[in-house]
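Student: I would like a close look at one part of this model. Please keep it brisk.

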Amino acid sequence: MLLKDLIAPKSQLKIEGHYAFDPTIYAGITGINSVTSISASQFTTGGVPITLEWAAGAGYAQAFGKLGLAIAGQYGETFDVSLFNTRTGITTIDSGEYYAGVLNVGYQITNNFATLGEVSYKNVDFGGPVGETDQVSGFLRFQREF
């Protein structure tokens, strides 16, 4: 759902959600896309994809002339994950709690030349012996259009 100029002129509020009946690559968590170990002495794996069973999110963007600011967040739950342990066989880990946040700032330097900076944080908490895995990432982009 997209609502424009709801709070102020040149603003956008977006709300989204999804639900998947089975794990799918379309609901994968990018960036932290695998569980690589559980209590290093017990489990080690080449990486098991983490996919979301459901998620809900919202974002707000506001433009102030040449400056644009945006903030967004998402919360959801992953599917159960199965890992192989050479001593005990396959172990199923209960679903994890997922949340993410992102903040970006853009500026139109001149006509056809802009910059955008972004910082994001993602976290999946499986609890128990697995614990949590997280990632902070970001970028700075300069874009010239011809």
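Student: Which strand holds Asp125, and what surrounds this part of the chain in the description: which patch does Asp125 help form?

Tutor: Note that the model is predicted. Asp125 sits in strand β10, which spans residues 113-127. Asp125 joins Glu97, Glu132 and Asp134 in a negative surface patch. How open is Asp125? Its relative accessibility is 31%, so Asp125 counts as partly exposed. The cut-offs explain the label: buried means under 20%, exposed means over 50%, and partly exposed lies in between. Patch residues need over 30% relative accessible area.

Now turn to the core. Val124 and Phe126 belong to the largest nonpolar core. That core has 12 residues in all. Ala27, Ile29, Ile50, Leu52, Ala55 and Val81 are among them. So are Ile93, Tyr98, Ala100 and Val130. Strand β10 supplies at least two residues of this core, as do β5 (52-64) and β9 (97-110). In soluble globular proteins, nonpolar side chains tend to be buried together.

For contrast, take the loop between β1 (2-4) and β2 (11-19), where Asp5 lies. Lys10 is found in that loop too. Phi of Asp5 is near 50°, a positive value. Lys10 also has a positive phi, about 65°. Neither Asp5 nor Lys10 is a glycine. Why does that deserve a remark? Most residues other than glycine have a negative phi. Lys10 has 54% relative accessibility, so Lys10 counts as exposed.

Methods:
Residues numbered from 1 in each chain as written. Predicted model: local features only at pLDDT ≥ 70, side-chain atom pairs only at ≥ 80, totals over all residues. Heavy atoms only, no water. Patch = residues over 30% accessible without salt bridge, like charges linked within 9 Å, V, L, I, M, F, W, Y side chains within 5 Å. Areas by Shrake-Rupley, 256 points an atom, 1.4 Å probe, with all protein chains shown as cover. Salt bridge = Lys/Arg side-chain N within 4 Å of Asp/Glu carboxyl O. Lys, Arg positive; Asp, Glu negative; His and termini not counted. Charge placed at Lys NZ, Arg CZ, Asp CG, Glu CD. Helix = DSSP H or I, 4+ residues; strand = E, 2+ residues; numbered from the N terminus. Buried < 20%, exposed > 50% of the residue type's maximum accessible area, 1.4 Å probe, protein only. Core = buried A, V, L, I, M, F, W, Y, C linked by side-chain atoms within 4.5 Å.
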